[in-house]
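Me: Please take a close look with me at one part of this structure, the contact between its chains, and then follow the pieces outward from there. I am new to it and would welcome a slow, connected account.

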Amino acid sequence: MSEVLVVVEATREFGVKKVTLEMLTLARELGTPSAVVLGGAGAAEALSAKLGEYGAEKIYAAEGEEIDGYLVAPKATVVAELVKRVQPAAVLLASSQEGKEIAARLAVKLDNGILTDVVGLAADGTATQVAFAGSTIVKSKVTKGLPLVTVRPNSINPAPDAATPAVEQLAVSVADADKLAKVVERVAEQKGSRPELTEASVVVSGGRGVGNADNFKLVEELADLLGGAVGASRAAVDSGFYPHQFQVGQTGKTVSPQLYVALGISGAIQHRAGMQTSKTIVAVNKDAEAPIFELADFGVVGDLFKVVPQAAEEIRKRK
Amino acid sequence: MNIVVLVKQVPDSGADRNLRSDDNTVDRGSANNVINEMDEYAIEEALKIKEAHGGEVTILTMGPDRATESIRKALSMGPDKAVHVVDDALHGSCAVATSKVLAAALGQLGADLVICGAESTDGRVQVMPHMIAERLGVAALTGARKLTVDGSTLTVERQTEEGYEVVTASTPAVVSVWDTINEPRYPSFKGIMAAKKKPVQALSLGDLGVAPTEVGFDGATSAVLEHTKRPPRSGGEKITDEGEGGVKLVEFLATEKFV
């Protein structure tokens, strides 16, 4: 079977991201998964056990300052060379900013079609995408070149299937043309132990109804009790209640968790754009007419400052 | 500094949006078409740079005839002129072909700096800045929440999942901006009147030296096979809190095995 290249997403702090495990699971349906690690020195070594656990038969590693010290151009060049050499059946990347950017350059370099935000990919290359705020389901296909797709987090159930990957170090010599955008500083911000927003299986979000930044503690508390991530509506972010990187919806993140809890969020179409493919939705809002209730599997019309603390207490009791 | 801002006309994201049943492209005919919201932040950033450093701001749009409305709206914020790439053969173009056309137009315009929104609200694909940069052989600084211009050096601060990074490049470059970067100005009455007289140059594929077979459905590198409307979610149980709302919420979560 042909190789399927999976471009690995990982973080320094938590290692291999869940979306990578989803991609490896998907790749096993399409061929033999080969993971491609692009990062600083030693990156592949740190990730290989996890990648093997989910079926990577091979790991290609391109490491070092030349790869890691610039925005995506060097990474795209390395992957493009690899694609030309191994002629894979497909190339999978994460539908993150970086994954899409590498894919964008690959598409131009290889004169190859590209599909983003894919939630399913059949063996014949037919991809499923969700468009227009989750309102439309699209079946599409790359018609020129190989299937080059970016996979949306939380689309596929990751399943382990152990393999023992051989690591192949790729020779890295990056041309000056790929070193135009230099990273001069990386600043890590404390985000605690909560799961990453787009990958979390539970997301608890607060909206304008939360009232102020301080009250977001209530949202965080419920998120922590449910083992979830914290999100915020645009209204809450624009009002300065919570930082922008946690914004869910149009101009923010798209999430598709098992459970989405909307607190004090009215459910404007721009917010629904980012969350309406969630499996189960529950909402608390004092306005019985709020559009969020049209989506909610369970809704409580009431004061979130009464309902949420009581719910938190009840969860603690049951633990 | 010669700045070109990429502006896309999109169907209003606040209303129902559809794909056409005949050819699976975005239904623009029945939609209320507006400037892609993120592009307004790109225009604002370009105007601020011009105000501080001098130069000229040009709007570049690829789209059908009706995109003229959005071009005039963009000009009313203050840019100097616009270029509209318009050609019937463009209908059905994929992202790869679109980037080819925009890169050809940018090549003619000779921009020092290209600014665009980080994504469009219709496709949300986020690939255009890097595709264009790849074709032009220039740097792409994407997802900026802050942009500083010092001579020919650009410095961008961009949000990442782990925090933020600071990235630099020299002009010429492509910069995409997030909506955290600034607060776009509203067009003034004077600006709206002035926009009517600003030059809008129409360019065809022939003018750009791009063959019609390289774009549209003929030149597309991907195809939409079919599309269906997802059945709308129907609301489930809705209760009014009478002192037990929190407990009932948790009971529901327990039946769904979340607690």
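Reply: Helices and strands are here DSSP runs, with at least four residues for a helix and at least two for a strand, numbered from the N terminus. The model is predicted. With that in mind, a first stretch to look at is residues 4-187 of chain A, whose end C-alpha atoms lie 34 Å apart and which is 30% helix and 33% strand. For these residues, the UniProt record, an unreviewed entry, gives the feature "domain: Electron transfer flavoprotein alpha/beta-subunit N-terminal".

The contact itself comes next. It draws 79 residues from chain A and 67 residues from chain B. On the side of chain B that touches chain A, the elements that give two or more residues include the helices H1 (37-53), H3 (95-109), H4 (128-136) and H7 (245-255) of chain B, and also strands, among them S7 (139-150), S9 (163-170), S12 (222-229) and S13 (237-240) of chain B. The largest share of that side, eight residues, belongs to S12(B). Sorted by class, the side of chain B that touches chain A holds 27 nonpolar, 22 polar and 18 charged residues.

Strand pairing also links the two chains. Strand S12 (residues 182-188) of chain A runs antiparallel to S9(B), and six bridges connect them. Within this pairing, Ala188(A) faces Gly163(B), which belongs to S9(B). In a regular strand, side chains alternate between the two faces of the sheet.

After S9(B) comes a feature of the backbone that a reader can look for in the model. The peptide bond leading from Thr171(B) to Pro172(B) is cis, with omega near 0 degrees, and Pro172(B) sits in the loop between S9 and S10 of chain B. Strand S10 (residues 173-177) of chain B in turn runs parallel to S7(B), to which four bridges join it. One pair in this arrangement is Ala144(B) with its bridge partner Val177(B) in S10(B).

S7(B), which is among the elements that give two or more residues to the contact with chain A, also pairs with strand S8 (residues 153-160) of chain B, here in the antiparallel sense and over six bridges. The two strands, S7(B) and S8(B), make a hairpin with two residues between them, and in its turn Gly151(B) has a positive phi of about 65 degrees. Asp150(B) is placed opposite Thr153(B) of S8(B).

Now consider chain B as a whole. It has 13 strands and seven helices, and its C-alpha atoms fill a box of roughly 65 × 45 × 40 Å along the principal axes. Of its 259 residues, 47% count as buried. When contacts in chain B between residues at least 6 apart in sequence are considered, 70% join residues at least 24 apart. One helix of this chain, H2 (residues 68-76), has as its buried residues Ser70(B), Ile71(B), Ala74(B), Leu75(B) and Ser76(B), and just after H2(B) the residue Gly78(B) takes a positive phi of about 140 degrees.

Chain A can be divided in another way. Its domain assignment gives domain 1 (3-178) and domain 2 (202-318), and the C-alpha centres of these two domains of chain A lie 32 Å apart. Four residues of domain 1 of chain A are in contact with seven residues of domain 2 of chain A. On the domain 1 side, those residues are two nonpolar and two polar, with no charged residue.

Two loop residues of chain A can be set side by side. Asp111(A), which is not a glycine, has a positive phi of about 50 degrees, and its place is in the loop between helix H5 (97-110) and strand S7 (115-121) of chain A. Asp111(A) counts as exposed because it has 11 other C-beta atoms within 10 Å, and the cut-off for an exposed residue is 12 or fewer. Asn154(A), also not a glycine, has a positive phi of about 65 degrees, and lies in the loop between strand S10 (148-151) and strand S11 (166-169) of chain A. Asn154(A) is buried, because 24 other C-beta atoms lie within 10 Å, where 20 or more are needed.

Conventions
Residues are numbered from 1 along each chain as its sequence is written. Chains are lettered from A and ligands numbered from 1 in the order in which they are written. This is a predicted model: local features need pLDDT of at least 70, side-chain atom pairs count only at pLDDT 80 or more; totals for chains, interfaces and linings use all residues. Two residues are in contact if their C-beta atoms, placed from the backbone, lie within 7 Å. Ala, Val, Leu, Ile, Met, Phe, Trp, Tyr, Cys and Pro count as nonpolar, Asp, Glu, Lys and Arg as charged, and the others, Gly among them, as polar. Two strands pair if DSSP finds at least two bridges between them. UniProt positions are given in the numbering used here, feature names are shortened, and annotations may be inferred rather than shown by experiment. Domain bounds come from an automatic or database domain assignment.
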